[in-house]
Amino acid sequence: MADQPLIPPFGKKVHLEDYDPSFTNGMSKDDAKAREKKLEARMGELQEMLYAQGTQSLLVVLQAMDAGGKDGAIKHVFDAVNPQGVGVTAFKQPTPEELAHDFLWRVHPHVPPKGYIGIFNRSHYEDVLVVRVNQLVPQEVWEKRYEHINAFERLIAERGTRILKFFLHISRDEQKRRFQERLDDPSKQWKFAMGDLPIREQWDDYMKAYEAVLTRCHTEAAPWHVVPANKKWYRDLVITQSIVQALEEMEVRYPDPEPGLESVVIPD
Ligand code: ATP
Ligand code: MG
């Protein structure tokens, strides 16, 4: 397949069959890894400046089908950042208390405060993905959520949080391969859940639900990236690159020192 955009054009319906999950932009694994290492180091520097500056934050949203590589991406992409400046939140099935509130209630407290990077491993998008596919609430309820999500993301973006959303796009065949690997490798068997199989059966419904998300909640303030994720090394490079680029654009800087610092003499 020819060149394909990482960020789909705004205002157009996204068709996932136009996006090749094995796309690597002609790169070799070695080149990609070398490039990613350099970018990781830069991410570490930029994250320190983000923290020191303390005026903005960055939210990274990761969504994928099972075995899509969310955990692997988190592990590799953030290799070089100071753990003190980063928070990871995994959104699982809601508790009864969470279900007794609106769907964004459990999300808002985890939006990164000024100076921090926040990573969402799954997110508020589950409420228009798994919830839509399984009709866990009536359509008139989930239909309204796309707009609620856009308003929520606009709110936090206007207040100084840069938002980057990544859909890790694997093929159905690649999911099968990774599930099989989990079954065959004793050190990976713990990752295999019987419950993942019925979800695999709903693959086409999930792709439709993802297309709706990528089309209806894709804004300049909070853009989606369709990450070709069959090749883990390309997935990690693309995410790392996008985060570094965003932090460069945010113009994170060390703050000015206190006035008079040049004449300070440290007493013996
Ligand atoms: P792992 O890679 O470890 O399996 P995971 O993200 O799949 O990580 P699990 O505990 O296996 O974690 O799965 C979490 C489950 O919770 C997913 O099936 C997801 O769809 C579901 N979930 C998350 N948010 C919601 C929600 N708002 N409503 C219903 N189900 C949800
Ligand atoms: Mg799981």
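## Exercises on a predicted model

F91 touches R106, V107, H110, F120, N121, R122 and S123, leaving aside residues up to four places away in sequence. Keep in mind that this is a predicted model. Let's work through a few spots.

**Exercise 1.** Work out where F91 sits and whether F91 is buried or exposed.

*Solution.* Start with the chain: F91 lies in the loop between strand 2 (86-90) and helix 3 (96-99). Next, take the relative accessibility, which is 5% for F91. Buried means under 20%, so F91 counts as buried. Finally, pick one of the contacts, N121. F91 and N121 are 30 residues apart along the chain, yet their C-alpha atoms are separated by 6.4 Å.

**Exercise 2.** Check the length of helix 9 (residues 203-216) against its expected span.

*Solution.* Count residues first: helix 9 has 14. The rise is 1.5 Å a residue, and the expected span uses one less than the number of residues, so helix 9 should span 20 Å. Now look at the end C-alpha atoms: they are 20 Å apart, which agrees. As for burial, the buried residues in helix 9 include W203, Y206, M207 and Y210.

**Exercise 3.** Find the phi values of A67 and E251, and place both residues in the chain.

*Solution.* Begin with the background: most residues other than glycine have a negative phi. A67 has a positive phi, near 65°, and E251 has a positive one too, near 55°. Then locate them. A67 is in the loop between strand 1 (57-64) and helix 2 (70-77), while E251 is in the segment after helix 10 (232-249). Last step: A67 has a relative accessible area of 10%, so A67 is buried.

Key: Residues are numbered from 1 along each chain as its sequence is written. Chains are lettered from A and ligands numbered from 1 in the order in which they are written. This is a predicted model: local features need pLDDT of at least 70, side-chain atom pairs count only at pLDDT 80 or more; totals for chains, interfaces and linings use all residues. Side-chain values use heavy atoms; hydrogens and water are left out. Helices (H or I, at least four residues) and strands (E, at least two) are DSSP runs, numbered from the N terminus. Buried means under 20% relative accessible area, exposed over 50%, partly exposed in between (1.4 Å probe, protein chains only). Contact means heavy atoms within 4.5 Å.
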